[in-house]
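Here is a short, friendly tour of a structure, written for someone who would like to get oriented before going to the bench. We will start at the ligand and then move on to the sheets and the loops.

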Amino acid sequence: MSKFYLNIAVDTPLHRVFDYLPLEQSKRSDYTTGQRVIIPFGRQQKTGVILNITSKTELTDKQLKPISELLDQTALLCEQDVALYKWTSDYYHHPIGEVFAQALPKQIRSGKSPVIELTTLYSLSDSGLALELGDLKRSPRQAALWQLMNTAKAPVDNELFADIEWDWRAPLKSMMAKGWVTSSQEQTPSLYQTITPGFKPNAAQQAAIDTVAASFGIFNTFLLDGVTGSGKTEVYLQLIQQMIAAGKQVLILLPEITLTPQLANRFKQRLAAQLVISHSGLNDSQRAQAWLRLKEGVANILLGTRSAVFTPMKTPGLIILDEEHDTSFKQQEGFRYSARDVAIMRARNYNIPVVLGTATPSLESLHNVQQGRFTHLDLPERTAGASHPDIRLIDCRNQRLDNHLSKPLLKAITATLERNEQVILFVNRRGFAPVLMCHSCGWVGQCQRCDSRMVIHKHINLLRCHHCGVEHRAPTHCPDCQQAELFPLGLGTQRIEETLNAHFPDIPVLRIDRDSTQRKDAMQLVIEKVHEGGAQILVGTQMLAKGHHFPDVTLVGMLDIDAGLFSCDYRASERMSQLITQVAGRAGREEKPGRVLIQTHHPEHPLLNTLIQRGYAHFAKEALAERQQAQLPPYHFQALLRVNAINERDVLNFLREVQQLTSSINNPKVNILGPVPAPMLKRAGRFRYQLLFETAERKPRHQYLRTLLPAVEKLKTARKIRWSIDIDPVDLY
Ligand code: ADP
Ligand code: ZN
Ligand code: ZN
């Protein structure tokens with residue numbers, strides 16, 4: 001019998017696969033791509049995945065070891081998925097083993113055998129159904145449970161009891177003891193009673209639905225470009241319904257922040273489908289279950305954040321990625337993949353359509369439309385009779401501001417509240433103020449570990465660095481001149497909250513930022529409060545800009561956008577325009593017209609004027625023309641080598657050696673910019689530099705990196721520093 005070897009992906013930072021011998025007495029036919037194995041690795045035992053079975057190896061018999069165990073009898077991952085993970089490893093120049101580690105849930109990758117947990121379903125027995133409410137009047141809790149189950153008319157899982165504030169388990173147990181309730185273990189929970197909406201899709205929605213539906217079973221990328229409130233979610237729902245009816249699965253990807261129970265419920269209520277959710281807030285077991293259910297076809301919809309893009313699908317039908325412009329789809333550390341680009345690649349592998357939805361398309365996607373690679377679907381109008389908001393600038397030059405609020409804005413807030421409507425104020429920074437300064441000598445509170453100022457958090461009387469997380473008590477006296485005249489400079493959400501409380505003592509002011517929403521259900525409580533209606537003010541960071549639907553908000557104020565107009569990052573204007581458009585989209589989503597007021601000291605700024613007078617689409621067209629002229633992405637292709645170390649000299653020594661490598665390779669197709677210090681040179685005690693590679697086409701970039709990176713990996717100086725490569729970086733920090 002001819003010898004064969006197993007090529008195995010192992011979770012290590014090394015850019016290679018490892019060859020192993022099969023188990024003794026096993027046959028070649030026992031093995032297939034996509035099975036998990038346990039292997040001796042150094043002194044450890046690790047889990048790995050078989051990538052290939054070959055008859056050649058470069059290792060000698062002495063170097064080769066057999067695997068310790070074969071974990072799966074059949075392939076856990078299908079060929080298409082293994083091929084996708086290989087492609088991402090190649091494209092992002094990231095070790096294949098780490099790609100698998102990212103793609104598989106922790107429980108699966110640690111070698112557990114994948115079993116779908118059963119759900120307990122409860123239903124009323126014949127004797128339970130024969131009861132009447134009056135029979136239970138001495139035990140009101142049993143009566144409440146009986147009513148819920150009697151209305152459901154189907155076996156229910158414990159989600160039906162999720163809103164009950166008392167312990168429903170004990171009374172349910174008594175009811176089971178009496179034989180009124182029976183339970184069974186099932187693979188799938190029962191479905192919600194679905195709701196049919198009281199409207200039909202409008203012409204633009206219908207056209208979008210029909211165009212995508214014509215592509216079922218064919219790879220095609222659609223850009224669903226629709227202003228906020230134009231009914232994109234409705235288009236998704238209709239497409240998903242068609243998919244489910246055809247027995248296909250749908251993968252839906254969302255930015256981290258919008259994944260509230262609200263949205264999941266909206267989907268569940270509309271779709272008679274098994275829906276599972278996956279995001280970073282879940283525990284390992286929940287994530288593994290969602291993954292398995294989709295892979296095995298027990299669930300037909302997965303609603304997830306970035307990393308869900310790797311979840312295998314049994315009967316793939318459609319991929320939807322909402323808010324495609326959102327940078328949270330790009331992982332910013334470790335394996336720096338773009339979930340948007342991976343989603344497109346997956347759709348191509350599966351030969352299915354993918355829909356990217358947004359009100360503010362990324363320049364990359366618009367470029368792809370121009371090139372004919374994506375199909376553009378337009379939803380130009382808001383539904384439900386809502387009109388576009390009226391956006392105006394407030395010129396703050398030489399104006400007296402009351403704690404950063406201008407007179408016209410305060411007036412507009414007052415008028416809105418008097419009409420019993422709601423206001424959103426957008427502030428770019430959480431905390432009270434970004435700087436603490438000494439009035440007599442000019443000292444400012446700096447972070448010792450970063451090139452950055454400490455942000456004042458007044459409620460807890462702390463100075464906190466938003467870059468490294470260091471915090472300490474706010475001093476009462478200046479550390480330099482000992483005077484007690486320290487004052488806050490600039491604005492943060494807490495400061496605006498305080499000012500508004502002083503101005504409008506009877507109006508609830510709700511703050512939404514990363515500090516106020518740390519508790520798990522905090523965001524949900526705020527949303528519920530807003531939906532109760534009545535005059536309210538919401539103060540928040542860009543968390544407010546994402547996805548939420550607040551029907552009573554008719555005024556949006558933006559307080560501190562000026563800094564974004566003058567950033568050194570060429571992407572800042574794109575982000576700024578998206579942010580303004582998204583925040584503005586929160587105003588007047590239903591019958592009540594919306595107004596947006598933007599405070600600025602630069603009312604002549606071309607970006608603001610283009611955006612306000614001509615809209616996002618026009619801004620994007622101009623910005624693309626500029627990018628083309630400046631040979632920037634999406635016209636050219638970048639890769640960023642980031643380096644950092646505690647000792648600046650180690651970074652510079654390493655970079656000198658990298659430069660020697662680059663000049664010896666000497667490829668005229670690759671432009672090299674730098675090395676330069678990162679925009680924030682020192683962060684968390686480490687010095688940071690970067691080197692940018694730029695090419696006119698994708699291919700030479702990859703060929704070049706395939707030569708360069710293995711050599712970089714071998715440099716001696718590399719041991720003293722940390723480095724990473726970022727393909728298609730979305731920020732230069
Ligand atoms: P988007 O996702 O583009 O922000 P949504 O799909 O959330 O928009 O729609 C906004 C609101 O309009 C929702 O309350 C939705 O139920 C409603 N809606 C959607 N399509 C229509 C339609 N064709 N006619 C009337 N109302 C609609
Ligand atoms: Zn001082
Ligand atoms: Zn810091």
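A residue counts as near a molecule when one of its heavy atoms lies within 4 Å of it. Please keep in mind that everything below describes a predicted model.

**Around the ligand**

Which residues come nearest to ligand 1? The surroundings of ligand 1 comprise 16 residues, and the nearest are Q205, G229, K232, T233 and T383. By character, this shell divides into three nonpolar, eight polar and five charged residues. Helix α8, which spans residues 232-245, supplies the largest share of the shell, namely three residues.

The table below lists polar contacts made by oxygen atoms of the ligand.

| Ligand atom | Protein partner | Distance |
|---|---|---|
| oxygen of ligand 1 | N or O atom in the side chain of T233 | 2.6 Å |
| oxygen of ligand 1 | polar backbone atom of G231 | 3.0 Å |
| oxygen of ligand 1 | N or O atom in the side chain of R266 | 3.3 Å |

On its own, ligand 1 has 560 Å² of accessible area, and the protein covers 81% of that. T233 is worth a second look, as it appears both among the nearest residues and in the table, with its side chain 2.6 Å from a ligand oxygen.

**The parallel sheet**

Now for the first of two sheets to explore. In what order do its seven strands run? The order is β10-β11-β9-β12-β13-β8-β14, in an open sheet with parallel pairing. At the edges are β10 (275-278) and β14 (374-379), each of which pairs on one side only. Neighbouring strands are turned against each other by 20 degrees on average, with direction ignored.

If you would like to trace one pairing by eye, try β8 (residues 220-226), which runs parallel to β14 and is joined to it by six bridges. Within this pair, D225 has D378 of β14 as its bridge partner.

A helix also lies across part of this region: α10 (residues 284-296) crosses β9 (249-253), β10 and β11 (301-304). The direction of α10 makes about 135 degrees with that of β10.

**The antiparallel sheet**

The other sheet is open too, with four strands in the order β27-β28-β26-β29, and its pairing is antiparallel. The edge positions belong to β27 and β29 (722-727), each pairing on one side only. From one strand to the next, the twist averages 20 degrees.

Seven bridges link β27 and β28 in the antiparallel sense, and V676 is matched with Q690 of β28 as its bridge partner. Helix α20 (residues 648-665) packs on this sheet and touches β26, β27, β28 and β29. The directions of α20 and β28 make an angle of about 20 degrees.

**Backbone details to look for**

Where does the chain show cis peptide bonds? One joins P633 and P634, with omega at about 5 degrees. P634 sits in the loop between α19 (616-629) and β26 (637-645). Another cis bond runs from G674 to P675, where omega is near 10 degrees. P675 belongs to strand β27 (residues 671-683), which is also an edge strand of the antiparallel sheet.

Finally, is the phi of A684 positive or negative? A684 has a positive phi of about 50 degrees, although it is not a glycine. You will find A684 in the loop between β27 and β28 (686-695), and those two strands pair over seven bridges.

Technical notes:
Residues numbered from 1 in each chain as written. Chains lettered and ligands numbered in written order. Predicted model: local features only at pLDDT ≥ 70, side-chain atom pairs only at ≥ 80, totals over all residues. Heavy atoms only, no water. Polar contact = N/O pair within 3.5 Å; in protein donor to acceptor, adjacent residues only side chain to side chain. Areas by Shrake-Rupley, 256 points an atom, 1.4 Å probe, with all protein chains shown as cover. Nonpolar A, V, L, I, M, F, W, Y, C, P; charged D, E, K, R; others polar. Pairing = 2+ DSSP bridges. Axes fitted to C-alpha atoms, helices over the stretch in contact; angles between N-to-C directions. Contact = heavy atoms within 4.5 Å.
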